[in-house]
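Reader: Could we go through the cysteines of this model together? I should like to begin with the disulfides.

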Amino acid sequence: MKLSIDPGRKLGHINPELQGHFSEHLGRCIYEGLYVGENNKDIPHVNGMRVDVVEALKQIHIPVLRWPGGCFADEYHWKDGIGPKETRKKMINTHWGGVVEDNSFGTHEFMELCRQLGCKTYVNGNVGSGTVQEMSEWVEYMTFEGVSPMADLRKANGHEAPWTVDYFGVGNENWGCGGNMTAEYYANLYRRYQTYVRNYDPKKPIQKICCGSDGYDMEWPDKVMKICFQSQEQFHGFMDGISLHYYTLPGDWTVKGSATEFDEKDWYRTLAKTLKMEDRIKINEAIMDKHDKNNKVGLIIDEWGSWYDVEPGTNPGFLYQQNTVRDALIAGLNLNLFNKHCRRVKMANIAQLVNVLQAVILTDGDKMIKTPTYHVFDMYKYHQDAELVQSSIDTETIGVEDQWKIPFVQESVSLGKDGKLHITLCNTSADKDAPVEASFADTVVKSVTGEIVGGEIHEHNTFDTPDCVVKKNFDQFKVEDASHVSITLPHSSVVHLAVEI
Ligand code: AHR
């Protein structure tokens, strides 16, 4: 297979946010996974945030974190989560397991977590069951510096300076759990609610994200773009992004399929469904291009990843699942697609950060493991803030049935801030290694280093064997001459090559 790379042809900037994350008040993501409480004596923490998890996330340069949901966002009332912990309201988390939410993790704790992580903040507001006033006051509470009721309340609660809200979501899945609205109804609400998401600091404008589609209903984004975007040229900052949610399910919503027990057919079907992400992106791009000819609004894929049947024996409402080499491929394929569509895709947030769905980290008490997906993010971090360069591969297709045929090898290439070319390659075969001949136009290859995440398709990390699937050095390549490198990609693997030019 021939991989052609033309480093002279730059195709767009890869926002670091393409490798963003999502944390919801769901199962053990926030509580236990990230936050263990300020008085915890058993698990090392700083101001309640787990040291092991924060350190691991800093290693992959987590660029942005979305919170508090998800479906939870549209029934979250932020004032319940501020002030002395003992007086914070307790509520039932109706969406996720019916457990008691004690609101001990709220706005101050989220901002503290992002401070420790050194990442941008993406706060998702409540349109489904919240008022315009409530949303407006939350923004004032978080970002207003001067004298005002909400800024004074923040100061009284111990935080003198305002925080930075980089992104603000005006509702979540408002066609479903966020209020079961029609597109027209939501679009008009969006226009109204976003008006009161004030930019108190013009130097740090909040990027406003409008609710987009589930990946299938394409009338929604069309109508919403039409109604919400029409004033954009007149009123700058009306809408900065529109979301897209697309999950990979090996089966359907009734029987999704096991995270760890699957056959080769399931493997190819799952990867084929993952690659359907590209169709969803392209359809959204076409709709957005129709309304927004100057490419001002970003496509924000703020929920993506694998969704399996929950791990046997766990609370079905907690969405806890294992993570195998198959998930490493799901991550690698999606991240390559996001790079290739970086003209429109400005942020993507894998669901979810810890202990939920395609998590990068799993915890059990004071133990923590990094999943295969984590190690893929660790290899792909070199694409953050890089320039996408032209690449193509004349790959054959493989798979088990016509319906689930997929490319044998998929790639993306960028010119990183370190001046090196970063090539990330996915070998989607369950059992065949892939010979790849890479050629570089008008470029002198000086040296190449490699790393790999892969193994047998079911392999995964457990608390007893945490290092079964990890990032390893990769050297199955040969620099043939100054512009050619031959590579042998092991089956079911994701590889990163850093090329000094
Ligand atoms: O990530 C889990 C859930 O999936 C989110 O809460 C919701 O937005 C989506 O349906």
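Author: What follows is a short exchange on the cysteines of this predicted model.

Reader: How many disulfides does a search of the whole structure find?

Author: The search finds one disulfide. The bond joins Cys71 to Cys177, with an S to S distance of 2.2 Å.

Reader: Which hand does the link of Cys71 and Cys177 have?

Author: The link is left-handed, with -90° about the S-S bond.

Reader: And which parts does the pair tie together?

Author: Cys71 lies in the loop between strand S5 (64–67) and strand S6 (91–93), while Cys177 lies in the loop between strand S9 (167–170) and helix H5 (183–195), so the pair ties together parts that are 106 residues apart in sequence.

Reader: Is Cys71 buried or exposed?

Author: Cys71 counts as buried, because its relative accessibility is 12%, under the 20% limit. Cys177 has 26% relative accessibility and therefore counts as partly exposed.

Reader: Turning to Cys114, which cysteine sulfur is nearest?

Author: That of Cys119, at 3.8 Å; Cys114 is in no disulfide. The limit for a disulfide is 2.5 Å between the sulfur atoms, which means that a pair must lie within that distance to count. Cys114 is buried, at 2% relative accessibility.

Reader: What about Cys228: how far away is the nearest cysteine sulfur?

Author: The nearest one, that of Cys210, is 4.3 Å away, and Cys228 is in no disulfide. With a relative accessible area of 0%, Cys228 is buried.

Note on methods. Residues are numbered from 1 along each chain as its sequence is written. This is a predicted model: local features need pLDDT of at least 70, side-chain atom pairs count only at pLDDT 80 or more; totals for chains, interfaces and linings use all residues. Side-chain values use heavy atoms; hydrogens and water are left out. Helices (H or I, at least four residues) and strands (E, at least two) are DSSP runs, numbered from the N terminus. Buried means under 20% relative accessible area, exposed over 50%, partly exposed in between (1.4 Å probe, protein chains only).
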